[in-house]
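Work through the exercises below with the structure open. Try each task before reading its solution.

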Amino acid sequence: MDAGRSSSGPSARQGGEAVGPSDSVAAALRAYGEDLAARGAAQVGGTFTGSRAADDLIKHSPEAFLLGVLFTQGVPAERAWAGPYLLKERLGHLDLHRLAVERDAVFAAVAEPPALHRFVKTLPRWLSAAAQLLLDDYGGSAAALWPDGTPLPEVVWRLQRFDGIGPKKAVMAAEILVRHFGVALSDTSSGSVAYDVHVRRVFLRAGLVDKDSPQAIREAAAQACPEAPGTLDLATWLIGRDYCRPAEPRCDACRLGRVCPRLVHRTVRGVGFRSVSRG
């Protein structure tokens, strides 16, 4: 037994079977995820950016959504999702042909103070490369990556073809497409949670895993919600960001607080996929 896992106190019982702390945590997390899915929650709950104009662009332009995914690394989520709107304001357009060809202009728009992103040299390359790939392979339409009926793992694979989108971002994006935009992807049982620092911390401290690895996190998510493991993604991320903080976690205010073993001594080492060539 892991020395950090609490073994005191009786287990609850459901249907005559003992239910341990991790089972109770999984049930509470699944209920939160299903509630968010029923409400079609955006990346940060009720909104992507906090700005109606920036949100509208993300919600009505598949291309802006894809570009927004590129921004979601190394900056707060609200700032990242506002990136396509601010880029459009500075350039005067989000025309894919011009984004692909006018690379100096894209670089200048990103780097102009205040910079749109901390990766002022890398992000412009990702943006231009994404525009070119959309033109070359998807007819200039990001929606062609995720038509209804496409298996979720296939969409994750397609997203990872884009420079700047690694497994973590691809899983996150696919789950947003299903949860918020209502894209009818198939094979959602093959989905998962993103291997994100907040998700990892919650899974560790809540006793859902004893080992911090992509495989352990995926397996725990699949066990907690077999029909659609990705349902847990936003719920866990929000808890990790707002309550299960690295320092001074707000356990009493967290909706998992009553069932979580509160293994707050467990820490996440590193942030997972760190390369700046992939996200």
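**Exercise 1. Describe helix α9: what is its span, and how many of its residues are buried?**

Solution. The model is predicted. Start with the limits: α9 covers residues 167–179, which gives 13 residues. Next, take the span. From first C-alpha to last, α9 reaches 18 Å, close to the 18 Å expected at 1.5 Å a residue. Then check burial. The helix is mostly covered, with 10 of its 13 residues buried. Among them are the hydrophobic side chains Val171, Met172, Ile176 and Leu177. The buried set also includes Lys169, Glu175 and Arg179.

**Exercise 2. Find the residues of α7 that are buried, and state what covers them.**

Solution. Locate α7 at residues 122–137. Its 16 residues reach 22 Å, close to the 22 Å expected at 1.5 Å a residue. Now list the buried positions: Thr122, Leu123, Pro124, Trp126, Leu127, Ser128, Ala130, Ala131, Leu133 and Leu134. Look outward from these residues. Their cover includes α3, α4 (77–91), α5 (96–101), α6 (103–111) and α9. Finally, step past the helix end. Just after α7, glycine 139 takes a positive phi of about 60 degrees.

**Exercise 3. Which side chain of opposite charge is nearest to glutamate 63, and how far away is it?**

Solution. Place the residue first: glutamate 63 is found in helix α3, residues 62–71. Glutamate 63 is buried. Search for a partner. The nearest side chain of opposite charge is lysine 88, 9.9 Å away. A salt bridge needs a side-chain nitrogen within 4 Å of a carboxyl oxygen. Glutamate 63 has no salt bridge. Now list what glutamate 63 does touch, leaving out residues up to four places away in sequence: Leu96, Leu134, Gly140, Ser141, Ala142 and Ala143. One of these, Leu134, is a buried residue of α7.

**Exercise 4. Which residues have the most contacts inside the largest nonpolar core?**

Solution. The largest nonpolar core has 86 residues. Trp146 and Phe203 have the most contacts inside it. Trace the surroundings of Phe203, setting aside neighbours within four places in sequence. Phenylalanine 203 is in contact with Leu29, Val193, Leu208, Val209, Ile217, Ala220, Ala221, Leu232 and Thr236.

**Exercise 5. Summarise the whole chain: how many helices and strands are there, and what share of residues is buried?**

Solution. Count the elements: 12 helices and two strands. Read them along the sequence: the two strands come before the helices. Turn to burial. Of 279 residues, 48% count as buried. Then the surface: the chain exposes about 13,000 Å², and carbon and sulfur atoms supply 50% of it. Last, contact range. Among contacts between residues at least 6 apart in sequence, 67% join residues at least 24 apart.

Technical notes. Residues are numbered from 1 along each chain as its sequence is written. This is a predicted model: local features need pLDDT of at least 70, side-chain atom pairs count only at pLDDT 80 or more; totals for chains, interfaces and linings use all residues. Side-chain values use heavy atoms; hydrogens and water are left out. Helices (H or I, at least four residues) and strands (E, at least two) are DSSP runs, numbered from the N terminus. Buried means under 20% relative accessible area, exposed over 50%, partly exposed in between (1.4 Å probe, protein chains only). Contact means heavy atoms within 4.5 Å. Accessible areas come from the Shrake-Rupley method with a 1.4 Å probe; for residues, only the protein chains shown count as cover. The expected span of a helix is 1.5 Å times one less than its number of residues. A nonpolar core is a set of buried Ala, Val, Leu, Ile, Met, Phe, Trp, Tyr and Cys residues joined through side-chain atoms within 4.5 Å. Lys and Arg count as positive and Asp and Glu as negative; His and the chain ends are not counted.
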